[in-house]
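Let's walk through this structure together, from the whole chain down to single residues and then across to the partner chain. Please keep the model open beside the text.

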Amino acid sequence: MNYFENDLKSLHEGLVNKDFSAEELAKETFETIKKREEEIDAFITLDEERAMEKARAVDVKGIDEGNVLDGIPVGIKDNIVTKGLKTTAASKMLENFNPIYNATVMDKLDEKGMITVGKLNMDEFAMGSSTETSAFKKTKNAWDQTKVPGGSSGGSAAAVASGEVIAALGSDTGGSIRQPAAFNGIVGLKPTYGRVSRYGLIAFASSMDQIGPLTRSVYDNALMLNAISGHDFRDFTSSSKEVPDFTKGIDEGVKGMRIAVPKEYFAEGVDANVKQAVKDAIKKFEELGATVDEVSLPHTKYGVPVYYIIASSEASSNLQRFDGIRYGFRAEDVKNLEDVYVRSRSEGFGDEVKRRIMLGTFSLSAGTYDAFFKKAAQVRTLICRDYENVFENHDLILGPTAPTTAYGIGEKIDDPVTMYMNDILTIPVNLAGLPGMSLPAGFSDGLPIGMQLVAPRFREDTLYKAGFAFEQATDFHKAVPEIGGQN
Amino acid sequence: MAITANEVKHVASLAKLEFTDEELQKFTGQMDEIINMVEQLGEVDTTDVPVTSTVTEEVNVMREDVAVKGTDRTLLMKNVPEEKDGLIKVPAIIDESEEG
């Protein structure tokens, strides 16, 4: 039941053929997790007792042969609320927060019989790109434990890459699924804005947040997206469009597919080995029958400043709710109500969250609103138009996911601007609400390189088709990190 | 545009945050760097460009106005930091040292 040698389909077959039971699968999963956690530290909370109970219930009921996810253990990023299971957003503010309801995606996974094994580490409130802003622990990259796992869904990516779980959910506001997927050599997809309900996702920047799956293969990713997609009356921004079966036609290949490669994605600052890996991937796609053109997304370089203004502004508003009154951290020895607010927030939030609240409050305040927030929202329109222009004649945009491979733990944490610039290739996709996927495209000094595919709104099917074709033609996804004394 | 420690202090008070002098120094420097970075947006011509505030395609989502049962009260109180007689307990709104 080694997750490195299995996928969702083979695990399902094992369960159907009674090669192993759901209980055995869950038990072995926890054993593996406990062993590898000594090196990886991906989980904030494990939910062993309830998970084992649920696995036994699946066995009693019998595996549903038509449901490939039935009885499969899954990991969940700790900003997705889980009823009765502590949900912290990796913040001291929510250290003891025990949700009384499920996020819509959790209801959907429960309905499919998936078994939540625990909650995964992340940057505090999903603000960060290295999982180092977590209030609780430092998660390590599955390939090199001196390197960051990326972020903010670093726990989700490291858990899947180290074989602790076969699949996990993350969230992506500016690259938080795709960049850690790239750093850990796995597949991570940020769906189109509105594809997946945000109900129960602890809000960071509501106009960009999306929940999405992290897996070891493209096909598994499509299976997971099938399970979590769809309209939700509790999230009015979720799309009422019908959800296709993303595995249907996934093997049709890329013959005739028109791929665009933006020249801005190969600018200075992108590592030479990363560039080379993506160039090799371009060649591979041409061999497979796609046409590739160089295009321009001229406003790419403004993506980072636009994003930090808009995301921080939305965050400063969303995080007003943390006031120490109804739930969350409350400072002690306070003498008046104002003190409850100020001291609870000042003691409960970490530095990066405070920086974003401050930048957001500044951008929205009288005197700076026009020059900052309004200006950023206008440039956002220009970024959206850049994509519309390219997609008039192309099916797909291809480039690197991140400018570099995983960097060292502690290397960039004290330099916010450098850290922010690292998100330059993923951020514009969120600003435009497009679907984007990162998948393995090579290695540099033993660390995985990720390639990013971006499609027009609601064309996740194109991403999966292209990703599947690339995966079939390459071996990068088969590589396994040396971990837990085995590989 | 350079931001001063006093301006940072003002923004902090709007955001209901407080900083020690040392933190204030660090944050002022970092805020300044971030603001320098975002000021490059000034070079983009946005004359007559509308703002994008959302990318959802859904408009005017309507639903029937049907009464549904609310969440159980004891459940709602589950994460309250301090509680008394089924109510949320908070300190006096007026500073106790100012009383009397």
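Helices and strands here are DSSP runs, numbered from the N terminus: a helix is a run of H or I of at least four residues, and a strand is a run of E of at least two. What you are looking at is a predicted model, in which local features need pLDDT of at least 70 and side-chain atom pairs count only at pLDDT 80 or more, while totals for chains, interfaces and linings use all residues. Residues are numbered from 1 along each chain as its sequence is written, and chains are lettered from A and ligands numbered from 1 in the order in which they are written.

Let's begin with chain A as a whole. Its secondary structure comes to 15 helices and 11 strands. The radius of gyration, taken over C-alpha atoms, is 21 Å, close to the 23 Å from the globule rule for 487 residues, so chain A is as compact as a globular protein of that length; the rule is 2.2 Å times the number of residues to the power 0.38. Along the principal axes, the C-alpha atoms of chain A fill a box of roughly 65 × 55 × 45 Å. A residue counts as buried if 20 or more other C-beta atoms lie within 10 Å of its own, as exposed if 12 or fewer do, and as partly exposed in between, with C-beta atoms placed from the backbone. By that count, 62% of the 487 residues of chain A are buried. Two residues are in contact if their C-beta atoms, placed from the backbone, lie within 7 Å. Among the contacts in chain A with a separation of 6 or more, 76% join residues 24 or more positions apart.

Now turn to the sheet. Two strands pair if DSSP finds at least two bridges between them. In chain A, an open sheet of 11 strands with mixed pairing follows the order β1-β3-β2-β4-β6-β5-β10-β11-β9-β7-β8. At its edges stand β1 (43–46) and β8 of chain A, each with a single partner strand, so one side of each has no neighbour in the sheet. Neighbouring strands are turned by 30 degrees against each other on average, direction ignored. Axes are lines fitted to C-alpha atoms, for helices over the stretch in contact, and angles run from 0 to 180 degrees between N-to-C directions.

Which strands flank β4(A), and how is it covered? All of this can be followed from residues 167–172 of chain A, where 6 of the 6 residues of β4(A) are buried. In a regular strand the side chains alternate between the two faces of the sheet. Ala167(A), Leu169(A) and Ser171(A) are buried on one side of β4(A), and Ala168(A), Gly170(A) and Asp172(A) are buried on the other. β2(A) runs parallel to β4(A), joined by 2 bridges, and Gly75(A) has Ala168(A) as its bridge partner. With β6(A) (residues 210–215), β4(A) pairs in the antiparallel sense over 6 bridges; there Ala168(A) is matched with Leu214(A).Further along the sheet, 4 of the 5 residues of β7(A) (residues 258–262) are buried. β7(A) pairs with β8(A) (residues 291–295) in the parallel sense over 5 bridges, and Pro262(A) stands opposite Val295(A). Between these two strands the chain passes through helix α8(A) (residues 272–287) in a right-handed β-α-β crossover; right-handed means that, with the strands pointing away from the viewer, the path from the first strand over the helix to the second runs clockwise.

Next, look at helix α9(A) (residues 303–318), which holds Val304(A). Val304(A) counts as buried because it has 21 C-beta neighbours inside 10 Å. Leaving aside residues up to four places away in sequence, Val304(A) touches Tyr420(A), Met421(A), Asp423(A), Ile424(A) and Ile427(A).

Finally, let's cross to chain B. The contact between the chains takes 54 residues from chain A and 45 from chain B. On the chain B side, α2(B) (21–38) gives the most, with 7 residues. Val44(B) sits in the loop between α2 and α3 (73–76) of chain B and touches Tyr302(A), Val379(A) and Leu382(A), not counting residues up to four places away in sequence.
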